[in-house]
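Visitor: Could you show me the model and talk me through the labels you put on it?
Guide: Sure, here it comes.

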Amino acid sequence: MLAFVLRRVFQSLLVLLVVGLVAFSMFRFVGDPVDNMLGQERTQADIDRLRTQLGLDQPFPVQYFKFLQGAVQGNFGVSYRQGRPVADIIAERAPATLELAAVSGLFAITLGIILGVFTAIRRNGVAANAIMTLSLIGVSLPTFLIGILLIYVFSVELDMLPSFGRGDVVDVGWWSTGFLTKSGLMALILPSITLGLYQMTLIMRLVRSEMLEVLRQDYIRFARARGLRERAVNFRHAIKNTLVPVITVTGLQLGSIIAFAIITETVFQWPGVGLLFINAVQFVDIPVMAAYLMLISVMFVAINLIVDLLYFAIDPRLRVDGRH
Amino acid sequence: MTDPVLSVKNLVVEIPTRRAVLRPVDDVSYDIAPGEILGVVGESGAGKSMTGNAVIGLLDRPAHIAGGEIWLKGKRIDNLRADQMRKVRGKEIGMIFQDPLTSLNPLLRIGDQLEETILEHLPVSRAEARKRALQALEEVGIPAAAERLGSYPHEFSGGMRQRVVIALALCAEPSLVIADEPTTALDVSVQAQIIALLKRLCRERGTSVILVTHDMGVIAEAADRVAVMYAGRLAELGPVEQVLNAPRHPYTDGLVGSMPMASAGKERLRQIPGSMPRLGSLPDGCAFHPRCPKADAECRQNPGPTLDATGGRAACWFPVSQEVSA
Ligand SMILES: Nc1ncnc2c1ncn2[C@@H]1O[C@H](COP(=O)(O)OP(=O)(O)OP(=O)(O)O)[C@@H](O)[C@H]1O
Ligand SMILES: [Mg+2]
């Protein structure tokens, strides 16, 4: 068990190194930040001075090494655009994205599992069929379109929910939260649905097909033959077996929720790291982009690790240290 | 004679398909006395499992009971509501399936699976249920039963798992157990043990058993009476020594002739020519007639006589060895 965890952590570190390298080298070709930072009236001397100041004149491996060295200490350099440490900027923006991701993740998982189980148990019912048909729309519409549609209906036509921003936020220590004010909560609704809808339908369809598969198994038949209640059969015997494969996909989906937040944050002008990234791309703000990518990959790697550990918790067959 | 535990009367199971309505079980009737073991034999697709599933109310749609009655201890059960039938399952009728590897939920400890079944059917406390679960495991011969309550199914061998399955089927003390090929998936070396265990436990408790099997040896070993099924119908029904020693239906005769034990040394194993017709294309008359050495015009037109009507043991117009035992 411990050996397994150590091995996975080591693999994760390797992955991060590679991602860092790819991200870092990619940005070298995005454009020259110096162009953006200096105005029209610049001299070659200005340019050279700035290059030296930013370390851009050094050979590539040196730049990468310095980047890694800083990153390990939580120091991602200084934003070209804002002139402030990238770590500070991200720490400022992270709560917005994390709260949005958490709410839409929760929405996607709970509704996905509930609807998936429901449509599996009532597989021939009218409601179940209607949900399945609707879910096709959820899968096929692009995120930004869903966002715009929601804004049109609930903000423009019905005027019920805000169409942009976070509403009022309260600072709890360095964390700014929208959970504590009414406008903050209201502002979360549309972006969360937009961001979570796609994952929700994916999880729902996955849960449904897994559940249908499990319900065909002999042990479900045997549970019925023992006279167990439908409730016990569905929710004790079937669900647990359904969740084993669902966990992996769901874990990866949560990772992509944070990654996909870029689009949703742009549509709703949500002041999170996704919006920060988009702005950074326009300005070729390399330190910000690199830090963002590293953060996202750390998140994916961590989620993967957690998923593997969850497997152990749920499925006794994987616990090799059990009694025999 | 004592009242039967189970009485199946003219049972018909139908499966509507796009082309036609299939009848995997057609006009099957039998009684089972308390403590009796009824063997059910017949080749694959004869309707053995369908009959068992109909009795315990677990037919998979679109199959359904289309006629006849099923009585359990003087109560009619084929027309019970789903929730009433659920209370019969496990409590009155236990069921054992073929494959012990897939019959147990891999994610639940076997102690918990036993406990939930006991708590569902008997008015006992959790502690008492735990005690009974332990007892049930001990009775089926699981070594170190107290520790094994906390084990998961994958920690047992196939034979041990089938013992656990038997414990589960019997833990609420049903008066009838349907064992659908309980040893087919097991090693030959443990098959006899499992059958002996099942037989002993049911004798001790006075539980009746419907023992479905392909193995005539198992029938000879364990059953009191035998029902021979062919293409959804009962071909022959009678006490095991009579059916095995003096089969009347030509199909039973063929089955018995193909038993290695019966013909040891004397002659080569016989084999019934041809194969059972599929449900969609049953011939007119007796379904066995195309394979029957004695078939004539009568057999091609009329299905064999029903068992009760003639008072005979076999559904056949020209039974074998009638002279001998009549
Ligand atoms: N959904 C279905 N549609 C059509 N025919 C079916 C369906 N389910 C079962 N059957 C048919 O019903 C018949 C009876 O099946 P059953 O499982 O009772 O046979 P069996 O005697 O138990 O055979 P085996 O020894 O292989 O277990 C078979 O001929 C099978 O092909
Ligand atoms: Mg069968």
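Visitor: Why is B:Asp26 called buried?
Guide: Keep in mind that this is a predicted model. B:Asp26 has 16% relative accessibility, and buried means under 20%, so the label fits B:Asp26.

Visitor: And why does B:Arg23 count as partly exposed?
Guide: B:Arg23 comes out at 36% relative accessibility. Partly exposed lies between the 20% and 50% limits, so B:Arg23 belongs there.

Visitor: What makes B:Arg23 and B:Asp26 a salt bridge?
Guide: Their side chains meet at 3.1 Å, N to O. The cut-off is within 4 Å, so the pair qualifies. B:Arg23 and B:Asp26 also belong to a network of salt bridges with B:Glu14 and B:Arg233.

Visitor: How do you know that A:Arg236 and B:Glu116 form a salt bridge?
Guide: N to O is 2.7 Å for that pair, and the rule asks for within 4 Å, so it counts. This one crosses between chains, from helix 10 (residues 230-267) of chain A to helix 4 of chain B.

Visitor: Are those two partners buried or partly exposed?
Guide: One of each. B:Glu116 has a relative accessible area of 11%, and under 20% means buried. A:Arg236, at 33%, is partly exposed. B:Glu116 also meets A:Arg226 in a salt bridge, at 3.5 Å, N to O.

Visitor: How many salt bridges are there between chain B and chain A?
Guide: The count is four, while the structure holds 27 over all chains.

Visitor: What makes A:Arg166 and A:Glu99 a link between parts apart in sequence?
Guide: The closest N and O atoms are 2.8 Å apart, and the two form a salt bridge. A:Arg166 lies in the loop between helix 7 (143-157) and strand 1 (170-172) of chain A, and A:Glu99 in helix 5 (residues 86-121), so the pair ties together parts 67 residues apart in sequence. Both A:Arg166 and A:Glu99 are buried.

Visitor: Back to the interface: what is in contact there, and how much area is buried?
Guide: On chain B, 34 residues are in contact with 23 residues of chain A. About 2700 Å² is buried between the chains, with carbon and sulfur atoms giving 52%. The rule also finds 17 residue pairs in polar contact across this interface, both at pLDDT 80 or more.

Visitor: Which helix of chain B gives the most to the side that touches chain A?
Guide: Helix 4, with six residues. That side of chain B divides into 13 nonpolar, 10 polar and 11 charged residues.

Methods:
Residues numbered from 1 in each chain as written. Chains lettered and ligands numbered in written order. Predicted model: local features only at pLDDT ≥ 70, side-chain atom pairs only at ≥ 80, totals over all residues. Heavy atoms only, no water. Contact = heavy atoms within 4.5 Å. Buried area = accessible area lost by both parts, 1.4 Å probe. Polar contact = N/O pair within 3.5 Å; in protein donor to acceptor, adjacent residues only side chain to side chain. Helix = DSSP H or I, 4+ residues; strand = E, 2+ residues; numbered from the N terminus. Nonpolar A, V, L, I, M, F, W, Y, C, P; charged D, E, K, R; others polar. Buried < 20%, exposed > 50% of the residue type's maximum accessible area, 1.4 Å probe, protein only.
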